[in-house]
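Here's a chain to look over together. Let's go through some of the labels people put on it and ask where each one comes from.

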Amino acid sequence: MASNTKSSALPKEWLVPIRLGIYLVLAGCSAFIYFNVGDLEITHYLIIVSIVAVAAMVLLDCRVSNDYWQREENQKQADKNNSHEDDGE
């Protein structure tokens, strides 16, 4: 029943690569800050804050999508268990 509805969840196969990419970007920002800590200007801070904000939104979207796919899996398992119980009667 739930599989007939459209969802805005990210495809399950994309979640891990997206997370790894975001972690790589955040590690790059951290390294940039570490190696240029004395030379940073306000524009650097604005760009880094923007990158971190977008990364946080993407990671939140990954988490919400992961929760959606987990609910779908649980629903399929529950439907499967219910069909097996109905067959036993």
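Q: Before we start, what makes a stretch of chain a helix here?
A: A helix is a DSSP run of H or I with at least four residues, and the numbering goes from the N terminus. This is a predicted model, by the way. Val16, for instance, sits in helix H1, residues 15–35.

Q: How do you know that H1 has about the span expected of a helix?
A: H1 counts 21 residues, and its first and last C-alpha atoms are 30 Å apart. At 1.5 Å a residue you'd expect 30 Å, so the two agree closely.

Q: Why is Val16 called exposed?
A: Exposed means over 50% relative accessible area. Val16 comes in at 52%, so Val16 makes the cut.

Q: Which residues make the nonpolar surface patch that includes Val16?
A: Val16, Leu20 and Tyr23 make it, and the patch covers about 320 Å². Nonpolar side chains are joined into a patch within 5 Å.

Q: What makes one side of H1 the buried side?
A: Leu15, Ile22 and Cys29 are buried in H1. They span an arc of only 60° around the axis, which means they sit on the same side of H1. The face turned away from that buried side carries the exposed residues Val16, Leu20, Leu24, Tyr34 and Phe35.

Q: Why are Tyr34 and Phe35 called an edge-to-face pair?
A: Ring centres have to lie within 6.5 Å to pair, and planes over 60 degrees apart count as edge-to-face. Tyr34 and Phe35 have centres 5.0 Å apart and planes at 80°, so edge-to-face it is. Both residues are exposed, too.

Q: How many aromatic pairs does the structure hold?
A: Two. Besides Tyr34 and Phe35, there's Tyr68 with Trp69, at 5.0 Å centre to centre and 75° between the planes, which is edge-to-face as well.

Q: Are Tyr68 and Trp69 buried or exposed?
A: Buried means under 20%, and partly exposed runs from there up to 50%. Tyr68, at 16%, is therefore buried. Trp69, at 26%, is partly exposed.

Q: What makes Glu73 and Lys12 a salt bridge?
A: The rule asks for a side-chain nitrogen of Lys or Arg within 4 Å of a carboxyl oxygen of Asp or Glu. In Glu73 and Lys12 the closest N and O atoms are 2.5 Å apart, so the pair qualifies. By this rule, the count comes to one salt bridge.

Q: Why does the pair of Glu73 and Lys12 tie together parts that are apart in sequence?
A: Glu73 lies in helix H2 and Lys12 in the segment before H1, so the pair links parts that are 61 residues apart in sequence. Glu73 is partly exposed at 40%, and Lys12 is partly exposed at 40%.

Q: How do you know that Ile48 is buried?
A: The buried label needs a value under 20%, and Ile48 has 11%, so Ile48 is buried. Ile48 belongs to helix H2. Its C-alpha is 9.1 Å from that of Leu26, with their positions 22 residues apart along the chain.

Q: Why is Ala56 called partly exposed?
A: Ala56 has a relative accessible area of 43%, which falls between the 20% and 50% cut-offs, so Ala56 is partly exposed. Ala56 is found in helix H2, residues 42–88. Ala56 and Leu26 are 30 residues apart in sequence and 10.0 Å apart in space, C-alpha to C-alpha.

Definitions and conventions
Residues numbered from 1 in each chain as written. Predicted model: local features only at pLDDT ≥ 70, side-chain atom pairs only at ≥ 80, totals over all residues. Heavy atoms only, no water. Patch = residues over 30% accessible without salt bridge, like charges linked within 9 Å, V, L, I, M, F, W, Y side chains within 5 Å. Areas by Shrake-Rupley, 256 points an atom, 1.4 Å probe, with all protein chains shown as cover. Helix = DSSP H or I, 4+ residues; strand = E, 2+ residues; numbered from the N terminus. Buried < 20%, exposed > 50% of the residue type's maximum accessible area, 1.4 Å probe, protein only. Arc of directions from axis to C-beta. Phe/Tyr/Trp six-rings, centres within 6.5 Å; stacked < 30°, edge-to-face > 60°.
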